[in-house]
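The exercises below are meant to be worked with the sequence and the model side by side. Each one sets a task and then gives a solution in steps.

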Amino acid sequence: MTVNDQQARLEALLRPPSFDAALFPPSSRYAGLATAVQNPEGDRPVIYLTRRFVPRPERLEQTGVHTVEAGQRPDTIAAAALGDAELFWRICDGNRAVFPAELVREPGRRLRLTLPENLAGQDGNRP
């Protein structure tokens, strides 16, 4: 191994890791978020996702309604209604809930099922 090869390997080890927001699948609430670097010139740069602003529910296109039954959980509702338990965040966004458990606290509550913000236009219609 040449000195140049050793130097290149050392530089690769010392370079901050790259983080690509595209690693999040399109179904993730973090899909498309940009990354930023704190202390980029320092010895320990920190790469992080920028803040995700929760959309106003009235801007989201409603696709259905679900009435909460006793014992249901947000993830099981998402699995049944949206086809994926990990999409519970869409139900949270559509109902202005920060904590998913709030959604199912009261049986009989009607939950809005919505599309994510990036699939609806400003007025709630698809682009």
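**Exercise 1. Determine whether Val104 is buried or exposed, and describe its surroundings.**

Solution. Val104 has a relative accessible area of 16% and is therefore buried, where buried means under 20% relative accessible area, exposed over 50% and partly exposed in between, with a 1.4 Å probe and protein chains only. The model is a predicted one, in which local features need pLDDT of at least 70 and side-chain atom pairs count only at pLDDT 80 or more, while totals for chains, interfaces and linings use all residues. Residues are numbered from 1 along each chain as its sequence is written, and side-chain values use heavy atoms, with hydrogens and water left out.

The next step is to place Val104, which sits in the loop between α3 and β4; helices (H or I, at least four residues) and strands (E, at least two) are DSSP runs, numbered from the N terminus. When residues up to four places away in sequence are not counted, Val104 touches Val68, Gln72, Arg73, Pro74 and Ile77, a contact being heavy atoms within 4.5 Å. Of these partners, Gln72 is 32 residues from Val104 along the chain, and the two C-alpha atoms are separated by 6.5 Å.

**Exercise 2. Find the residues of the largest nonpolar core and the elements that supply them.**

Solution. A nonpolar core is a set of buried Ala, Val, Leu, Ile, Met, Phe, Trp, Tyr and Cys residues joined through side-chain atoms within 4.5 Å. The largest such core has 10 residues in all, namely Val68, Ile77, Ala78, Ile91, Cys92, Ala97, Leu103, Val104, Leu111 and Leu113. At least two residues of this core come from each of α2 (74–82), α3 (88–94) and β4 (110–114).

**Exercise 3. Which residues of α2 are buried, and why do they lie on the same side of the helix?**

Solution. The buried residues of α2 are Pro74, Ile77 and Ala78. They cover an arc of only 100 degrees around the axis, which puts them on the same side of α2, the arc being that of the directions from the helix axis to the C-beta atoms. As a general background, an α-helix has 3.6 residues a turn, so residues three or four places apart point the same way. The buried residues of α2 pack against β3 (62–67), α3 and β4, and just after α2, Gly83 takes a positive phi of about 85 degrees.

**Exercise 4. Locate Asn39 and Arg96, and state the phi and accessibility of each.**

Solution. Asn39 is in the loop between β1 (35–38) and β2 (46–49), and its phi is near 60 degrees, a positive value in a residue other than glycine. With a relative accessible area of 41%, Asn39 is partly exposed. Arg96, which is not a glycine either, has a positive phi of about 50 degrees and belongs to the loop between α3 and β4. Its relative accessibility of 56% makes Arg96 exposed.

**Exercise 5. Describe the largest pocket and the second largest pocket by volume and lining.**

Solution. On a 1 Å grid over the protein atoms alone, a pocket is an open set of points where a 1.4 Å probe fits, with protein on both sides within 12 Å along at least five of seven lines, and lining residues have an atom within 4 Å of a point. Grid points are joined across faces, edges and corners, and a volume is the space filled by probe spheres set on the points.

The largest pocket has a volume of about 210 Å³. It is lined by 13 residues, and those nearest its centre are Arg29, Ala31, Arg52, Glu117 and Asn118. This lining divides into 7 nonpolar, 2 polar and 4 charged residues, where Ala, Val, Leu, Ile, Met, Phe, Trp, Tyr, Cys and Pro count as nonpolar, Asp, Glu, Lys and Arg as charged, and the others, Gly among them, as polar.

The second largest pocket has a volume of about 170 Å³. Of its 14 lining residues, Val54, Cys92, Asp93, Ala97 and Val98 are the closest to its centre, and the lining has 9 nonpolar, no polar and 5 charged residues.
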